Amino acid sequence: QVQLVESGGGLVQPGGSLRLSCAASGVIFAINAMGWYRRAPGKQRELVAAITSSGRTNYADSVQGRFTISRDNARNTVYLQMNSLKPEDTAVYYCNVAVSSPSYNRGDYWGQGTQVTVSS
């Protein structure tokens, strides 16, 4: 089985920065896309950023230019650097990892979620 462990959330003032990490553990030979989603109170979950195995990235318009997604394939870890945070970034952030190999662990996996609160 594959497990994801997230870290890095917390309380930060507007304009501040946070870095989220998500490490996948278990028997993993290959990972396709890795991404971050968020769910704000009263809203649906939305994609924040994603990165492919080749390093291609895409971002939600609302975070473009402020957030940066990256991955360390040797550590099966994905990061989200969040700068210039705004109150509207307040949400629970979830990482998502698409494992492609081995076949018996193939599938989409989700982290437990980490709270990010942007407030003065």
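The legends below describe close-up views of a predicted model.

**View 1. Arginine 38 and glutamate 46 are joined by a salt bridge.** Side chains of opposite charge can pair when their charged atoms come close. In this view, the nitrogen and oxygen of the two side chains are 2.7 Å apart. Glutamate 46 is partly exposed, its relative accessible area being 33%. Arginine 38, by contrast, counts as buried because its relative accessibility is 6%, and buried means under 20%. The structure holds 4 salt bridges, and this pair is one of them.

**View 2. Arginine 38 also forms a salt bridge with aspartate 89.** The closest N and O atoms of this pair are 3.0 Å apart. The contact links distant parts of the chain, for the two residues are 51 residues apart. Arginine 38 belongs to strand β4, which covers residues 30–39. Aspartate 89 is found in the loop between β8 (77–82) and β9 (91–101). Both arginine 38 and aspartate 89 are buried.

**View 3. Aspartate 89 meets arginine 66 in a salt bridge.** Here the N to O distance is 2.8 Å. Arginine 66 lies in the loop between β6 (57–59) and β7 (67–72), whereas aspartate 89 lies in the loop between β8 and β9, so the salt bridge ties together parts of the chain that are 23 residues apart in sequence. The relative accessible area of arginine 66 is 11%, and the residue is therefore buried. Aspartate 89 is likewise counted as buried, at 1% relative accessibility. Through shared partners, the salt bridges join Arg38, Glu46, Arg66 and Asp89 into one network.

**View 4. An open sheet is formed by 4 strands.** The strands follow the order β1-β3-β8-β7, and their pairing is antiparallel. Strands β1 (3–7) and β7 stand at the edges; each has a single partner strand, so one side of each has no neighbour in the sheet. From one strand to the next, the twist averages 15°.

**View 5. Strand β1 pairs with strand β3 in the sheet.** Strand β3 consists of residues 18–25, and 5 bridges join this strand to β1. The two strands run antiparallel. Within the pair, valine 5 stands opposite alanine 23, a residue of β3.

**View 6. A disulfide joins cysteine 22 to cysteine 95.** The distance from S to S is 2.0 Å. A search of the whole structure finds 1 disulfide. This disulfide links distant parts of the chain: cysteine 22 is in strand β3 and cysteine 95 is in strand β9, 73 residues apart. The link is right-handed, with 50° about the S-S bond. Cysteine 22 and cysteine 95 are both buried.

**View 7. Val27, Phe29 and Tyr104 make a nonpolar surface patch.** The area of this patch is about 360 Å². Tyrosine 104 is located in the loop between β9 and β10 (107–110). Because its relative accessibility is 57%, tyrosine 104 counts as exposed, the cut-off for exposed being over 50%.

How values were computed:
Residues are numbered from 1 along each chain as its sequence is written. This is a predicted model: local features need pLDDT of at least 70, side-chain atom pairs count only at pLDDT 80 or more; totals for chains, interfaces and linings use all residues. Side-chain values use heavy atoms; hydrogens and water are left out. Buried means under 20% relative accessible area, exposed over 50%, partly exposed in between (1.4 Å probe, protein chains only). Two strands pair if DSSP finds at least two bridges between them. Axes are lines fitted to C-alpha atoms, for helices over the stretch in contact, and angles run from 0 to 180 degrees between N-to-C directions. Patches are made of residues with over 30% relative accessible area and no salt bridge: like charges are joined within 9 Å, nonpolar side chains (Val, Leu, Ile, Met, Phe, Trp, Tyr) within 5 Å. Accessible areas come from the Shrake-Rupley method with a 1.4 Å probe; for residues, only the protein chains shown count as cover. A disulfide is a pair of cysteine sulfur atoms within 2.5 Å.
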